[in-house]
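Reader: I am new to this structure and would like to know how its descriptive terms are applied. Please show it to me before we begin.

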Amino acid sequence: MLSLTHYTTLSIVLFLIGLFGFILRRNLIVMLVSLEIMLNAIIILFASISHFTKDISGYIIVFFIIAMAAAETAIGLSLVVLIYKKLKTVYSDEITNFKG
Amino acid sequence: MLEKSFEVMTNFNIFVFLIPFLPLVASIITLIFGKKYFRDKSHFLPVLALFLSFLLSIKVLIDVIGGKIYNFDVYTWIFASHLKVGLGFLIDPLSALMVAMVASLSFLIHVYSIGYMSGDPGYYRFFSYISLFTFFMFMLCMSNNLAQLYLGWEGVGLCSYLLIGFWYEKKSAADAGKKAFIVNRVGDFGFALGIFMVFYYLGTLYYHEIFPKLSEISHSYLNILGLKVYVPFLASFLLFCGAVGKSAQFPLHVWLPDAMEGPTPVSALIHAATMVTAGVFMVCRLHPLFELSNAMMCIVAFVGAFTCFMAATIAPTQFDIKRVIAFSTLSQLGYMFMACGVGAFIAGMFHLFTHAYFKALLFLGAGSVIHALHHAPDPNDIRIMGGLKKYMPVTFWTFLIASLSISGIPGFAGFFSKDEILSQAYFSQYPWGKIIWFIGWVVAAMTAFYTFRVVFRAFYGEFKGKDVIHGYPHESPKVMTIPLIFLAIGAVIAGWIGVPEVLGGNNLIEKFLEPVLGHPKVIHEIPHSTEYLLMGLSVLAGLSGIFLAWLVYIKVPALETVFSRNLKLLYTFLYRKWCFDELYHLIIIRPVLWTARCIVSKISDNFIIEGIVNGSARLVNIVGTGLRYLHTGIVNYYGSFVLLGVIIYIILYLYLK
């Protein structure tokens with residue numbers, strides 16, 4: 001039977017994959033995907049804790065995060081499209097307009 | 001003593017309260033809405049408020065004559081352990097008289113200003129300031145404690161500054177305002193210390209608590225650097241510093257002549273009739289404290305006498321009509337302090353009262369002349385006047401009445417009050433009384449001389465200003481001449497409340513003020529024959545002054561330059577006002593400026609202040625230059641920084657738990 005530890009491990013692994021994906025990849029779309037992976041890691045963690053503690057507040061937070069993630073992805077992708085239209089690139093190391 | 005003959009009212013009285021607060025409300029409304037909405041109607045509210053205050057002050061005066069005294073607190077203003085200061089009013093004979101005088105004069109001068117200031121771009125500002133001044137003056141006169149007196153004291157100083165510098169685009173006016181303010185600071189510093197000292201030794205600031213406690217300090221001495229100083233002497237000396245500044249006595253008199261840069265109604269109200277007499281009022285108010293120390297009374301008397309004499313020597317050499325009157329104000333204020341210094345506080349207050357009317361009248365008359373000549377480059381110069389009697393009859397007659405009054409011609413107000421001072425100085429218990437009498441007597445002749453010098457030069461002879469004003473002057477509008485007529489009535493009858501007993505009067509003012517100011521400190525038996533002799537001598541002095549002026553300025557005009565030609569050095573000395581301005585410039589202004597330029601500016605400004613300011617800018621620059629390498633513009637790095645921050649937080653959290 002799966003225990004909380006398994007879920008937690010899965011969550012941490014997914015979070016780290018997302019984190020390193022966000023920091024190391026240069027493609028903006030892949031970075032957005034990495035953000036989603038991190039969010040999903042959090043969702044799994046909340047859901048599993050809720051399941052094992054018989055407390056439904058975790059599930060409620062999961063719903064909020066899913067709704068927020070959908071909105072965030074929509075905005076993020078549309079921004080990427082706009083950036084591409086403007087700068088003809090989606091690679092973050094080529095977008096250095098804010099260099100100090 | 002007060003409680004015996006008077007009924008003391010300690011409840012809140014709306015009439016008393018409204019006297020000062022009506023002008024305040026009018027002033028604030030006029031200041032806020034005047035520029036946009038009232039414009040040339042700005043005079044309406046202040047004049048109305050002053051009229052109501054005037055009626056109320058008459059009502060309160062009648063109440064006080066009827067045997068009532070108001071002494072109440074509106075609310076407690078400052079409350080800290082045993083320091084309790086209230087916003088309170090004390091209406092006893094002294095303040096009721098003062099308030100009635102201030103209200104009547106202020107009302108008349110408000111009306112006069114409608115004509116004098118018409119068309120000025122700062123019309124609303126003028127009326128707002130002058131109403132505000134009246135509010136503070138009422139607060140000063142009516143207060144029942146020293147803190148509120150100080151509030152009024154500083155408030156009138158502020159309004160004086162604002163009004164002297166009313167035409168602030170003129171540099172001399174702005175400078176004169178600053179000078180008045182700064183010179184007054186010197187006196188007010190002493191005044192504040194005096195108030196602290198009264199509080200330190202007596203533990204209260206209320207008049208009705210101070211006076212019974214005075215006997216506690218009548219034997220106390222203070223040790224300053226091994227010198228034993230009598231406490232009441234030091235306290236009253238410090239308070240007197242404030243009076244010297246505000247009433248423009250030597251050595252702080254230098255601001256008053258320059259204050260004539262302000263509009264003439266201001267000179268009449270503030271720098272002749274009311275504010276400058278606040279010092280005399282304060283000395284009279286606190287007379288039991290001053291009387292404790294003979295040395296202090298001597299100082300008061302001789303400061304007054306010296307100022308009186310000095311101003312009377314300067315006045316005949318001046319050519320600016322307002323400055324002549326300003327020096328005569330100095331001189332008359334000197335008289336009041338002389339009266340206080342010989343213990344004749346009632347005579348001092350009486351002279352204050354009559355002086356307010358005839359001096360305001362002199363100023364307003366001068367203002368009327370200036371108004372008529374305002375096309376001239378320097379309308380104040382008496383050398384371009386002459387023969388104005390024909391063109392400005394009302395101004396002439398009222399000015400003449402004021403001049404006769406100040407010269408002490410029998411029947412006019414100035415005669416009674418000046419005579420009262422001189423005779424009480426002569427019969428004073430204090431040993432310096434006779435000297436004071438002599439100085440006062442000499443100055444009386446000089447006063448008549450320089451006052452009639454102005455009358456003869458301005459109103460007699462031929463008009464000399466045809467070329468500068470391209471035509472002849474006209475009489476001022478009714479709104480200006482009617483206040484002149486009212487003031488002229490005041491300048492005659494104000495003295496009739498104090499007709500001495502030798503002339504068949506019953507000296508009402510002495511009976512009225514005696515419960516507050518005490519009986520004059522004179523020897524017990526005054527021979528009537530001597531009194532008649534003194535009266536005759538002072539009338540003779542006045543008449544001889546007028547005669548001399550007539551001789552020099554009408555009969556034999558060649559005499560006019562004899563003095564200035566033959567005693568050139570002395571004349572220049574007098575013309576330059578005893579060189580006090582130059583002296584102060586040399587010993588105060590230049591060292592201060594030198595310190596400012598060479599020490600403060602070089603060391604503290606260049607090193608410390610600029611070091612801090614420029615140093616902080618440079619620091620920000622350096623830090624910013626370093627940090628800009630972190631600002632790569634690449635999102636991934638920012639993500640790493642967020643991660644780094646979270647890691648630092650977690651570490652801190654784990655370690656600091």
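Author: What follows takes several descriptive terms in turn and sets values against definitions.

Author: This is a predicted model, in which local features need pLDDT of at least 70, side-chain atom pairs count only at pLDDT 80 or more, and totals for chains, interfaces and linings use all residues. Residues are numbered from 1 along each chain as its sequence is written, while chains are lettered from A and ligands numbered from 1 in the order in which they are written.

Reader: Why is A:T5 called exposed?

Author: A residue is exposed if 12 or fewer other C-beta atoms lie within 10 Å of its own, buried if 20 or more do, and partly exposed in between, with C-beta atoms placed from the backbone. A:T5 has 9 other C-beta atoms within 10 Å, so A:T5 is exposed. A:T5 belongs to helix α1 (residues 4–24) of chain A; helices are DSSP runs (H or I, at least four residues), numbered from the N terminus.

Reader: What makes α28(B) hardly covered?

Author: Among the 22 residues of α28(B), the count of buried residues is zero.

Reader: How do you know that the reach of helix α28 of chain B is close to the one expected?

Author: The expected span is 1.5 Å times one less than the number of residues. For helix α28 (residues 635–656) of chain B, with 22 residues, 32 Å is expected, and 31 Å separates its first C-alpha from its last.

Reader: Why are α2(B) and α3(B) called roughly antiparallel?

Author: Angles run from 0 to 180 degrees between N-to-C directions, and the axes are lines fitted to C-alpha atoms, for helices over the stretch in contact. Angles over 145 degrees count as roughly antiparallel. Helix α2 (residues 14–38) and helix α3 (residues 44–65) of chain B pack at about 170°, with their axes 9 Å apart. The two helices α2(B) and α3(B) are therefore roughly antiparallel. By class, their contact has 16 nonpolar, four polar and one charged residues.

Reader: What makes α4(B) roughly antiparallel to α11(B)?

Author: Helix α4 (residues 93–116) and helix α11 (residues 264–273) of chain B pack at an angle of about 160°, with their axes 9 Å apart. That angle makes α4(B) roughly antiparallel to α11(B). The residues of this contact divide into eight nonpolar, three polar and no charged.

Reader: How many residues of chain B are in contact with chain A?

Author: Two residues are in contact if their C-beta atoms, placed from the backbone, lie within 7 Å. By this rule, 10 residues of chain B are in contact with 10 residues of chain A.

Terms used. Angles under 35 degrees count as roughly parallel, over 145 as roughly antiparallel, 65 to 115 as roughly perpendicular and the rest as oblique. Ala, Val, Leu, Ile, Met, Phe, Trp, Tyr, Cys and Pro count as nonpolar, Asp, Glu, Lys and Arg as charged, and the others, Gly among them, as polar.
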